[in-house]
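Me: I am new to this structure and would like a close look at a single part of it, explained with care. Please take the part I ask about below and then show how the rest is arranged around it.

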Amino acid sequence: MELRKDYFADVRKDGLNEIGQPRPRLDSPGHVTGKTAYFADRNFPGMLHLKMVRSPHHHARIRSIDTSEAEKHPGVVRVLTAKNVPHNVYTILILIQVGPEDETVLADGKVRWKGEAVVAVLAETQRAAQEAVAKVKVDYEVLPAVFDIEQALKPGAPLVNEYHGQNYYLYDSGECRKVRFGDVEAGFAEADHILEQSYQSSPIEHAPTETTGCVVVPEGNERFTCYTNTQAMFFTLDNTSIILQMPGSKLHFVGGTVGGGFGGKVDVIVEPIAILGAKLTGRPVSFVYSREEEMQISSPRAAEKVVIKDGVMRDGRIVARKVTGYTDAGAYSRHSPYGAQKGAAHYPGPYTIPNVWIDTYCVYTNRTPSSAMRGFGVTIGDFALEVQMDKLARLIGMDPLEFRFINAYRDGDMKAHRQPTEGAALIECMQEASRVANWPVAEKYMAMSSYRKGA
Amino acid sequence: MAKVPVQFTLNGSEKAEFIESGTTLLNALRDKIGDTSPKGGCHQGTCGACSVIIDGELKLSCLTLAETCGGADIKTTAGLAEGGVLHPLQRAFLDAFATQCGFCTPGMIMAAKVLLDRTPNPSREEVVEALSGNICRCTGYEPIIQAVLTAARASSQNAA
């Protein structure tokens with residue numbers, strides 16, 4: 001590794017003790033000896049296995065549920081439905097006042113995506129649980145479903161989620177998160193060229209090698225120890241407390257060792273129902289996603305559509321940018337209203353543009369609920385923005401890297417969402433990239449700095 | 001369900017258990033014997049996290065029935081370090097940052113060990129081929145490949 005100390009040399013002390021030095025990872029000795037304890041490495045006598053009955057339909061009304069045959073199946077200890085869950089309708093971000101509660105722990109009257117949890121079966125063995133799942137009879141009335149962001153926003157589209165009342169998340173700013181900066185129409189009128197392009201992505205599964213799950217042990221003091229691979233320990237603790245109407249002092253979460261997460265393990269899905277199972281049976285409970293569930297049931301990165309309209313001058317300046325972003329939340333909010341909002345702040349990109357107009361929609365469809373994944377809300381946006389930057393450079397016959405130097409944000413620039421730029425390093429990163437990639441740019445760009453005069 | 005006796009050697013120790021017929025070696029090792037170093041990532045033979053060595057051959061313990069392992073010599077990553085001294089592969093995985101979440105690591109080390117036991121000085125292509133049945137979602141594989149090549153060099157220097 002090469003440490004370049006000539007950038008920002010005047011504002012940085014060179015007494016760097018850690019940066020540039022290889023340090024052993026503290027968890028590696030456990031990994032290479034097989035001693036690291038993941039949640040599933042805990043095994044307790046009498047442990048029950050939880051398996052879910054899942055919706056085979058994308059959108060359906062539940063007429064009736066008959067669990068009698070499943071309850072009689074050898075090895076089955078308990079069968080749970082919505083009526084067993086103390087506070088069955090929840091939403092993860094209610095902890096930071098992002099409501100309404102819109103998702104059921106176990107489906108109650110309706111399913112809104114294919115794979116939604118309907119009935120939980122607890123049995124002595126995985127096999128008995130799986131066999132009993134097949135014996136639960138659910139009578140569905142199939143409803144029309146909507147799978148496309150734009151179709152979902154059209155009048156007359158099937159209503160996905162009654163807790164919202166319409167197929168988009170209602171922000172305090174209205175049907176979308178909005179950023180308004182300068183006068184975008186005046187910018188387009190002034191521009192030498194206008195380029196409008198549309199970009200789309202599919203959902204992306206994290207596919208961690210360790211599937212989502214937890215092991216719960218009822219303790220003698222009416223507390224429950226939950227060994228989990230959640231990436232969001234306190235979100236999980238607090239949401240479980242709400243769902244089970246149980247004080248947090250009764251819940252002891254043990255975690256921090258995650259066999260790959262990438263954002264896919266921040267939802268609160270397996271823990272509340274497993275703890276409820278342990279409470280109602282008095283036995284340890286293991287709820288571990290199969291590989292199929294991990295791929296089909298766990299939240300993916302949202303599908304997104306990004307429409308970018310730019311006004312650009314022949315000299316390389318972008319004078320207006322209008323972005324409409326759509327995030328496919330699937331049937332429930334989870335973390336998507338936050339992701340779509342993050343996109344609104346991010347969409348101008350790391351560029352200083354005087355006239356900006358952003359609308360980002362969080363849209364509900366009958367698809368698998370999406371949620372967090374590495375830079376969600378901005379990663380697909382960055383793909384769209386940087387492809388757009390290349391197209392704009394080509395349009396005006398300019399080198400794509402030089403085009404980015406001209407528009408790069410620098411310290412003191414006001415961003416469209418009214419946060420002044422501080423500590424920018426885009427210019428310097430591009431200068432280094434130019435050297436390393438042997439992609440030369442004009443000397444005046446190599447002499448630029450992220451510092452503005454007087455800033 | 002009928003229980004069957006099974007007896008084998010695990011990392012040099014004799015083990016004897018009564019297991020339910022149809023139990024996988026992975027579940028027998030983890031739930032019965034208490035060696036949790038083989039991991040269950042897919043239970044369908046596609047991820048390699050459960051890899052163990054049976055009579056010198058690399059095997060997927062999630063697709064191996066425990067009752068077929070009578071008399072076998074089974075090795076897992078938990079038994080690789082001798083007297084507290086890390087095996088060169090373990091040392092190299094540590095030094096090369098070849099672990100992140102660590103879930104694939106025991107299986108990777110098993111696959112690498114079978115390779116080095118047979119081919120002490122493998123080419124990069126041979127390393128890639130030997131690890132091709134093991135999925136890692138964190139590292140991008142390159143540090144793992146480098147760790148195996150480094151371990152091969154370290155082992156051949158010690159042997160010289």
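In what order do the seven strands of the open sheet in chain A stand, and is the pairing parallel, antiparallel or mixed?

Reply: The model is a predicted one, and everything that follows should be read with that in mind. The seven strands of the open sheet in chain A stand in the order β3-β7-β1-β14-β11-β12-β13, and their pairing is mixed. At the edges are β3 (76-80) and β13 (251-254) of chain A, each of which has a single partner strand, so one side of each is left without a neighbour in the sheet. From one strand to the next, the twist averages 25°.

It helps to begin at the edge formed by β3(A). This strand is joined by four bridges to strand β7 (residues 117-123) of chain A, and the two run antiparallel. One residue pair can be picked out here, since A:Arg78 has A:Leu122 in β7(A) as its bridge partner. As general background, the strands of a sheet pair through backbone hydrogen bonds, either parallel or antiparallel. Towards the other edge, helix α6 (residues 233-243) of chain A packs on the sheet, where α6(A) touches β12 (224-228) and β13 of chain A, and the direction of this helix makes about 155° with that of β13(A).

To place the sheet in its setting, one may look at the chain as a whole, which holds 13 helices and 17 strands. The C-alpha atoms of chain A fill a box of roughly 80 × 60 × 35 Å along the principal axes, and 46% of the 455 residues in chain A are buried. Among the contacts in chain A with a separation of 6 or more, 77% are between residues 24 or more positions apart.

Chain A is divided into domain 1, which takes in 46-143 and 207-296, and domain 2, which takes in 177-204 and 300-446. The C-alpha centres of these two domains of chain A lie 39 Å apart, and the contact between them takes 16 residues from domain 1 and 17 residues from domain 2. On the side of domain 1 of chain A that touches domain 2 of chain A, there are six nonpolar, six polar and four charged residues.

Another element of chain A that repays attention is helix α7 (residues 270-281), whose twelve residues reach 17 Å from the first C-alpha to the last, close to the 16 Å expected at 1.5 Å a residue. Nine of the twelve residues of α7(A) are buried, so the helix is largely enclosed by the rest of the structure. Among the buried residues of α7(A) are A:Val270, A:Glu271, A:Pro272 and A:Ile273, and A:Leu276, A:Gly277 and A:Ala278 are buried as well. Just after α7(A), A:Gly282 takes a positive phi of about 70°.

Several loops of chain A also contain backbone details that can be looked up residue by residue. The peptide bond from A:Gly99 to A:Pro100 is cis, with omega near 0°, and A:Pro100 is found in the loop between β4 (89-90) and β5 (103-104) of chain A. A:Arg334, in the loop between β16 (318-330) and α9 (336-346) of chain A, has a positive phi of about 40° although it is not a glycine. A:Arg418, in the loop between α11 (400-407) and α12 (426-436) of chain A, has a positive phi of about 70° and is not a glycine either. As for their surroundings, A:Arg334 counts as buried because it has 25 C-beta neighbours inside 10 Å, whereas A:Arg418, with 9 C-beta neighbours inside 10 Å, counts as exposed.

Finally, chain A is in contact with chain B, and this contact takes 23 residues from chain A and 31 residues from chain B. On the side of chain B that touches chain A, the elements giving two or more residues are α2 (88-95) and α3 (105-118) of chain B. By class, that side of chain B has 16 nonpolar, twelve polar and three charged residues. Chain B is itself divided into domain 1 (3-79) and domain 2 (88-159), whose centres, taken over C-alpha atoms, are separated by 22 Å. The contact between these domains of chain B takes 14 residues from domain 1 and twelve residues from domain 2, and strand β3 (residues 51-54) of chain B gives the largest share of the domain 1 side, three residues.

Terms used. Residues numbered from 1 in each chain as written. Chains lettered and ligands numbered in written order. Predicted model: local features only at pLDDT ≥ 70, side-chain atom pairs only at ≥ 80, totals over all residues. Buried ≥ 20, exposed ≤ 12 C-beta atoms within 10 Å, placed from the backbone. Contact = placed C-beta atoms within 7 Å. Nonpolar A, V, L, I, M, F, W, Y, C, P; charged D, E, K, R; others polar. Domains from an automatic or database assignment. Expected span 1.5 Å × (residues − 1). Pairing = 2+ DSSP bridges. Axes fitted to C-alpha atoms, helices over the stretch in contact; angles between N-to-C directions.
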